[in-house]
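Visitor: Could you take me on a close look at a single part of this model, the sheet with mixed pairing? I'd like the strands, their partners and whatever packs on them.

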Amino acid sequence: MKDKIEQIKMEFEEKIKGKSLKEIKELETYFIGRKGKVTELFKMLKTLPKMQRREFGAEINELKQFIEKNISEQVATLERKEKIRKLKEESIDVTLPGIKLHTGNLHILSQTILEVEKIFLSMGFDVMVGPEIEKDYYNFEALNIPEFHPARDMQDTFYLAKKILLRTQTSPIQIHAMEKYKPPIRIIAVGRCYRRDAVDSSHFPIFHQVEGLVVDRKVTFANLKGTLAEFTREMFGKDVKVRFTPSYFPFVEPGAETSITCVLCGGKGCPVCKYTGWLEMGGSGMVHPNVLRGVGIDPEVYQGFAFGWGIERIAMIKYRIPDIRMFYQNDLRFLKQFKG
Ligand code: PHE
C-alpha cells in the first residue's frame, strides 16, 4: 500500500509538469475524480485490517490534499500568465496617429449671417424671418410702390403667378413686422432675395439682404446713423465710417444710400472702390408716412427708420472675395478657406 501511495505521488509530480489548463483539469479527474487513482485507493482501504486502515487512510488523505493543493496552485499560475498574455495582446499604442475625421464647416454666407445677427442681437434687436414667396402687396404695394410706379422697373421680378412673386428685397418683412407687432419695434431680418439680373462679378439672381426696422416714438435719422455706424465698427473695425448720400426709395423719406470707407485702401482710392474711397452697402431712410399709415400706425405719433444691406457685399468686403459667383459655385477649394 505504501508503495502504491508513493508511486501515485511520483506519477502525479511527473505528469503535472508543463501542463496546460485543460490538461490539468484532466489530471484532476484522472487522480482525484470519482473513478480517479486516489479514489481507488480509498476503496482499497476497506479491504485492509482496521489498524492499517487508519494509518493508510491518513496517508491517502495527505496525498489527496497534496494533489489538490498542487493543482490549484498550478491553475492559479497559469491563469495569471494567461491574463498577462491577453493584456499584452490587447494593449493599444496610444501614441499612434489617430484616424482623421473629415468635418465640414458652415458656408461663408451662413457664417456672415450669424455674425450680423449676433451684432444686432447685442444691440437689442430681435431676429425675424419672412417668406421668400411673396404677394405683390408686401413686396411693392404696401411699400408705397403702386402699380405702374416707375420704381417697379428698378427691380426685375420673378413672377410665379399673377401678383405672386419671389421677393426682390427683404423690405416686405417690414410690413409683416408692423402687422404682427405694435411699436416699439426693433427687428432685423436676413433672407434670400431674387432678381432677374444678368450675372457678373457683382450680380447674381439670388442674393441675401439684412433688413432692419425700428419704429417708436421720437425715432430720428440720428438713430439710423448711430445704429449703422455701430454695426459697421463691430463688423469691419473701429476706423471704418459710414456715409449717407441722398437717394430715393419709395418706402422711405428721406432716403439715403449708405456706403462705408473702403477697407482695402482706407479711403484713399483703389480699383475696388473705383477710386472713390467708398463702398456702397445698401439703402436706408426714415419709414415713409404712407407705409406707417398703411399698417395702421399713426405717423404723427410714431416714426421709424429702415435699412437694407447686402449680405454678399458685407462678406465680399470683410473676407476680400472678388466675385459674387464664388458663393454659389460650391467649389470646395473656396469653401474650405472659411473653416471657423
Ligand atoms: N430694399 C431696398 C433695396 O433692396 C433697400 C432699402 C431698405 C432701402 C430699407 C431703404 C430702406 O434696394
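Guide: Here is a walk through that sheet, followed by a quick look at the rest of the chain. First, the ground rules: this is a predicted model, so local features need pLDDT of at least 70 and side-chain atom pairs count only at pLDDT 80 or more, while totals for chains, interfaces and linings use all residues. Residues are numbered from 1 along each chain as its sequence is written, and side-chain values use heavy atoms, with hydrogens and water left out.

The sheet is open and has seven strands, in the order β1-β5-β6-β10-β9-β8-β7. Helices (H or I, at least four residues) and strands (E, at least two) are DSSP runs, numbered from the N terminus. Two strands pair if DSSP finds at least two bridges between them. As a general point, strands of a sheet pair through backbone hydrogen bonds, either parallel or antiparallel. The edges here are β1 and β7 (242–247); each has a single partner strand, so one side of each has no neighbour in the sheet. From one strand to the next, the twist averages 25°. For angles in general, axes are lines fitted to C-alpha atoms, for helices over the stretch in contact, and angles run from 0 to 180 degrees between N-to-C directions.

Let's start at the β1 edge. Strand β1 (residues 126–128) pairs with β5 in the parallel sense, over three bridges, and D126 sits opposite I187 in β5. On to strand β5 (residues 185–194), which is joined to β6 by 10 bridges, this time antiparallel. Two pairs you can pick out there are R186 opposite V214 in β6, and G191 with its bridge partner Q209. As for cover, eight of the 10 residues of β5 are buried, where buried means under 20% relative accessible area, exposed over 50%, and partly exposed in between (1.4 Å probe, protein chains only).

Next along is strand β6 (residues 206–216). Nine of its 11 residues are buried, so β6 is largely enclosed by the rest of the structure. Besides β5, strand β6 pairs with strand β10 (residues 303–310), antiparallel over eight bridges. In that pairing E211 has G308 as its bridge partner, and G212 stands opposite F307.

Now for the helices on the sheet. Helix α8 (residues 172–180) lies across β1, β5, β6, β9 (278–287) and β10, running at about 35° to β6. Helix α9 packs on the sheet too, touching β7, β8 (252–261), β9 and β10, and its direction makes about 30° with that of β10. Contact, by the way, means heavy atoms within 4.5 Å.

Helix α9 (residues 221–236) also has a helix partner: its axis and that of helix α11 (residues 311–319) come within 11 Å and cross at roughly 45°. That makes α9 and α11 oblique to each other; angles under 35 degrees count as roughly parallel, over 145 as roughly antiparallel, 65 to 115 as roughly perpendicular and the rest as oblique. In this contact F231, M235 and F236 of α9 meet I314, I317 and K318 of α11. By class that's five nonpolar, no polar and one charged, with Ala, Val, Leu, Ile, Met, Phe, Trp, Tyr, Cys and Pro counted as nonpolar, Asp, Glu, Lys and Arg as charged, and the others, Gly among them, as polar.

There is another open sheet to look at, made of three strands in the order β2-β4-β3 with antiparallel pairing. Its edge strands are β2 (133–135) and β3 (159–161), each pairing on one side only, and the twist averages 35° from one strand to the next. Strand β4 (residues 164–166) is joined to β3 by two bridges, with Y159 opposite L165. In β2 you'll find I133, which touches L160, I164, L165 and L166, leaving out residues up to four places away in sequence. I133 and L165 are 32 residues apart in sequence but 5.7 Å apart in space, C-alpha to C-alpha.

Finally, zoom out. The chain is divided into domain 1 (2–89) and domain 2 (108–335), with bounds that come from an automatic or database domain assignment. Their centres, taken over C-alpha atoms, are 94 Å apart.
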